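Student: I would like to learn how to read a structural model feature by feature. Could you take me through one?

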Amino acid sequence: MKNLLLLLFPLTAAAQPTVAPTPEMAGSPRGENAGGYNVLNTFEFGYRFRTLGGNYGKYRSDVNFGNGVRLLGSQLRVNSREGHGRLFDEISLTTQGLGNDPYQSAVLRIERNRLYRYDLHWRLNEYFNPALPVADGLHLLDTRRRFQDHDVTLLPQSGFKLFFGYTRNSQSGPGLSTIQLFDSRGDEFPLFMDVQRRRNELRLGGEADIFGFKLNVLRGWDDFREDTPLRLRGGPEPGANPTDNNVLTSLRRLEPYQGESPYWRLLLVRNSRRFGMNARYVTVSGRRDFVFEELGVGTDRLGSARNRQITVSGSGSRPVASGSLNLSFVPVERLSITNHTSFHHARMDGGGTFRETDNNLSLPAVFNFQFLGIRSIQTLTDAVVALDKRVSFYGGYHWSTRRIRSREGQSFEGTTDFSTYTQENRLHSGLAGLRLRPSGGLTVQIDAELGRADRPFYPISEKNYHAINGRVQWRAGSWQLSAQSRTFYNANSVALWAHSSRSRQHSVDLNYTRSARVWVEAGYSKSHLDTKTGLAFFAASNLIEGRQSVYISNLHAGHLAVHLAPHARTDLYLGYSIVRDTGDGRPARSVLPPVAPESDTNAAGALFRAQTFPVSFQSPQARISLRLHNRLRWNLGYQYYGYREDFRILFDQNYRAHTGFTSLLWSF
Amino acid sequence: MGFFAFFVASGVAASWGQQPAPLPKPLAEAVAGATGEGYVGSAVCRICHPDVWQNFFRNPHYKSLALANEKPERAGCEGCHGPAKQHVQASGGKTTIPAAFSLLEPQQVLDNCLKCHGRDIGRVDIRRSPHSQAGVACNRCHSIHKSPVAKFLLARQQREVCYGCHANIRAQFAMPFKHRVNEGFINCTDCHNPHGTPAPTWRMGLRPRMVAQALGNEESCLKCHSDKRGPFAFEHPAVRVEGCESCHQPHGSANAKLLRRPAVFTLCLECHSGGGNFGRQGDGITLQSPSHDMRSPRYQNCTSCHVRIHGSNSDRLFLR
């Protein structure tokens, strides 16, 4: 037990990759007794600081810590000592970053034994995304997301329980998007949008023990609304391509929509020592009605004045049914067999009437519609055989079939034209593994999986694949070593369209724990990925075939953490992490942006240049914590973030940031 | 002090091959009053294990004692460790505990915990989970008596529990673009259920194996990214058939928007090649328009025009 304690404490401290809040506690670790309750609390108030050199947008995308005062973290636990509190038996509150951090959260539980349990999880995230490679720098998102989950359980320890739940998820903030006008060869214009999205979910359910089974029923109502107005940033926009004549003088777009996804979930469970079963059925009936209206005024690429109005109205629906049956048998102590059979059926059906008025000329309305049906069935049988305490085998056979039905078409002036397609895909896969414990501290595990699919849906889908995993864990005294290796190879070749993917991941972690005061942890991970995929595309209206997209990534990641507490009052933590993608090994200076000049007819050259992205991201940090008093600690931390890319897309995204904090950790 | 002397004396006696000293009165009374199965009650355990007992009122398992309506085999210390009569009679020792978890095989640990937790909704698939197959039993992640975190009796902070075995995942969350796990904003269990899940409802239903489903049957990504859920009048089949991982790396990536490729057009072109019998129509996924000159930067940023790439209500090409 002592060894376990020694192990637990430092690893808890290691769980703090960002430099604040401080994982140490202030006050008595046993808490204070007050009335029939025990109270345990720490609050950490402090100031974060930051200086930055380089690309501010990229820093906000990756890190986003700013300056200012915060409640960096807090913990409060109030427990009744006898378990018979009048109003509650437990209050547990944990917060992080409240006040101004980009990552804020609060987790609260209030519970009264037998009577109720209330759980709250509140989170806020402020996020900036420059998205340079996605839309040439024209798409930006400076967003704030808030999540809150409330769950109430009545009679939590009885054979009959009731559940009430509410979830709210909102997104708001400014952003930039684009619109293309006035025809398929028109220009792209930046648009300003004020993102307003909200999701509300209400849950009501119950659980009862009936004839040895547990029946769980949940009814939920999910509602999503978006009301994001889009407009031009200011006056007339010249468009993203300077050689075009397009000008967008004014634009109005309204597309509010609301979607609902009410659902039922039924679950039946029976479990005993030798046999277990559970059956699960979920049905969701998603539906959405919408109206879209857009009015754009400007000049088209030929220099003509354009006044175009588009309206679309329609609906989309997606009824879904899923079910599964899980059976577990333990016929003898050393053998367990499980079978899992499931089905999933989704039918996505939607359409909209498209109306366009161009320079006051109304074009005939067109009704576009699509249907996509997916029905899949899986059956998975697995077994684990323990020969003795040191050797066990496991394996399984998995079979899956999927049918995809598609219908798409349009109605135009009384005539309807549509096409219907059906295709089926089957996958067989087998898994075999071996687990060894040659000695008490050493565990070795090796397994392999082989899969064959007859008709994958995409060129990059899994078709003929195999995976091999190996894992070694060794514990001896103060040392713990774990190493893992994983390879996954997939080949999907159909006629001339070949895709192959090879992924290899190797990692090793070493931990030395001399005592709660001194420990060291270090790790290294290497991830290799190379893919080759057949391509076809157009260059100067010529179809280019027979090319390949070759992507190679070699990702190296390392981390080191040292914890030293020379005496009881002082606590020092030093950490360093680095991630480096060396790409395909080409020197950085030869790596050019994925742009080919108009005169370059070898468009494949542009593709080749786009296929490697050497980048490095490193972050050393240090933190010291001094105990000033039994109930008070002073903390100081520093963390550096350095981002460097050797592949410039539009402009330099490199940055160097110095961040840190100073705080007081206080217990009352 | 008296008990300390007793333990020393009994240990010395045992080492000399002699009969152990007689039990102190409270323990002897407990043995005498044991049930037929050998249950003596948790109050006896606190006599020799005050360190465990002192903080046990914070433990969720304490409810089994506080409620005072559970059977002996489901209450307090003996609810997990089994009847203690023999252990008391032997004056301690791990081997005399019917269920000493440090000595149990993973399967035995699982059986023991599932006696009570086997019918909990989140754990109904645990026997077929890859963790159980690999011998990762409950006490590899949970510390029942010494948990340093407020909820779920985890042995460490949740991400460190997972990183302990999945070091390659730690590296993915150290990437510039990542979900904010290290920052404490989200947890691994926001997307995964380490106790096992039903078959995924996307891809071919076999992989990934430990991803919890949102709204009962969708990818967990949609719990937060609810604007991508739809239903849309015009769905992008890549999202619905193969799932978000077709284009995104969910843990972390060197590429913006967690994309699998640094340049977006390569991502799109690898599927939209028009070849083979792929796609919803079974005759190749739609090739781009001849008007798209891939030498030009404007056509290399597909989502500049195809802005509603996850699905659209008003345009089947996702232009608006």
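Tutor: We go from whole chains to single residues, and the model is a predicted one.

Student: What does the secondary structure of each chain come to?

Tutor: Begin with the counts of helices and strands. Chain A has 4 helices and 31 strands. Chain B has 15 helices and 6 strands.

Student: How do I read the overall form of chain B from its radius of gyration?

Tutor: Set the value beside that of a compact globule. For 320 residues such a globule would be near 20 Å, but chain B has 29 Å. The box around its C-alpha atoms, along the principal axes, is roughly 95 × 35 × 30 Å. For chain A, the corresponding spans are about 80 × 60 × 55 Å.

Student: What share of the residues in each chain is buried?

Tutor: The cut-off is a relative accessible area under 20%. In chain B, 58% of the 320 residues count as buried. In chain A, 51% of the 668 residues do.

Student: And the surface that remains accessible?

Tutor: Take the area together with its atom types. Chain A exposes about 29200 Å², with 59% supplied by carbon and sulfur atoms. For chain B the accessible surface is about 12400 Å², and 59% of that belongs to carbon and sulfur.

Student: What do contacts between residues at least 24 apart in sequence add?

Tutor: They give the share of contacts that join distant parts of the sequence. Counting contacts with a separation of 6 or more, residues 24 or more positions apart account for 62% in chain A. In chain B the share is 43%, among contacts between residues at least 6 apart.

Student: How are the charged side chains distributed?

Tutor: Count each sign, then see how far apart the centres of the two sets lie. Chain A has 81 positive and 60 negative side chains, with centres 9 Å apart. Chain B has 37 positive and 23 negative side chains, with centres 4 Å apart.

Student: Now a single helix. Is α10 of chain B mostly covered or mostly uncovered?

Tutor: In general, an α-helix has 3.6 residues a turn, so residues three or four places apart point the same way. Helix α10 of chain B, residues 158-165, is mostly covered, with 6 of its 8 residues buried. They are Gln158(B), Arg159(B), Glu160(B), Val161(B), Tyr163(B) and Gly164(B).

Student: Why does Glu270(B) count as buried?

Tutor: Compare its accessibility with the cut-off. Glu270(B) is buried because its relative accessible area is 2%, and the limit is 20%. Glu270(B) sits in the loop between α14 (264-269) and α15 (297-300) of chain B. Its side chain makes a polar contact of 2.7 Å with that of Ser549(A).

Student: Which residues does Gly316(A) touch?

Tutor: Place the residue first, then list its partners beyond the sequence neighbours. Gly316(A) is in strand β16 (residues 305-332) of chain A and is buried at 1% relative accessibility. Leaving out residues up to four places away, Gly316(A) touches Gly286(A), Arg287(A), Arg288(A), Phe290(A), Asp349(A) and Gly350(A), among others, including Pro231(B), Phe232(B) and Ala233(B) from chain B. The C-alpha atoms of Gly316(A) and Arg288(A) are 5.2 Å apart, although the two residues are 28 apart along the chain.

Student: Where does Ser105(A) lie?

Tutor: Read it in the same order. Ser105(A) belongs to strand β5 (residues 103-112) of chain A and is buried, at 8% relative accessible area. Beyond four places in sequence, its contacts include Trp122(A), Arg123(A) and Gly184(B).

Technical notes: Residues are numbered from 1 along each chain as its sequence is written. Chains are lettered from A and ligands numbered from 1 in the order in which they are written. This is a predicted model: local features need pLDDT of at least 70, side-chain atom pairs count only at pLDDT 80 or more; totals for chains, interfaces and linings use all residues. Side-chain values use heavy atoms; hydrogens and water are left out. Helices (H or I, at least four residues) and strands (E, at least two) are DSSP runs, numbered from the N terminus. The radius of gyration is taken over C-alpha atoms; the globule rule is 2.2 Å times the number of residues to the power 0.38. Buried means under 20% relative accessible area, exposed over 50%, partly exposed in between (1.4 Å probe, protein chains only). Contact means heavy atoms within 4.5 Å. Accessible areas come from the Shrake-Rupley method with a 1.4 Å probe; for residues, only the protein chains shown count as cover. Lys and Arg count as positive and Asp and Glu as negative; His and the chain ends are not counted. The place of a charge is taken as NZ of Lys, CZ of Arg, CG of Asp or CD of Glu. A polar contact is a pair of N or O atoms within 3.5 Å; within protein, one must be able to donate a hydrogen and the other to accept it, and residues adjacent in sequence count only if both atoms are side-chain atoms.
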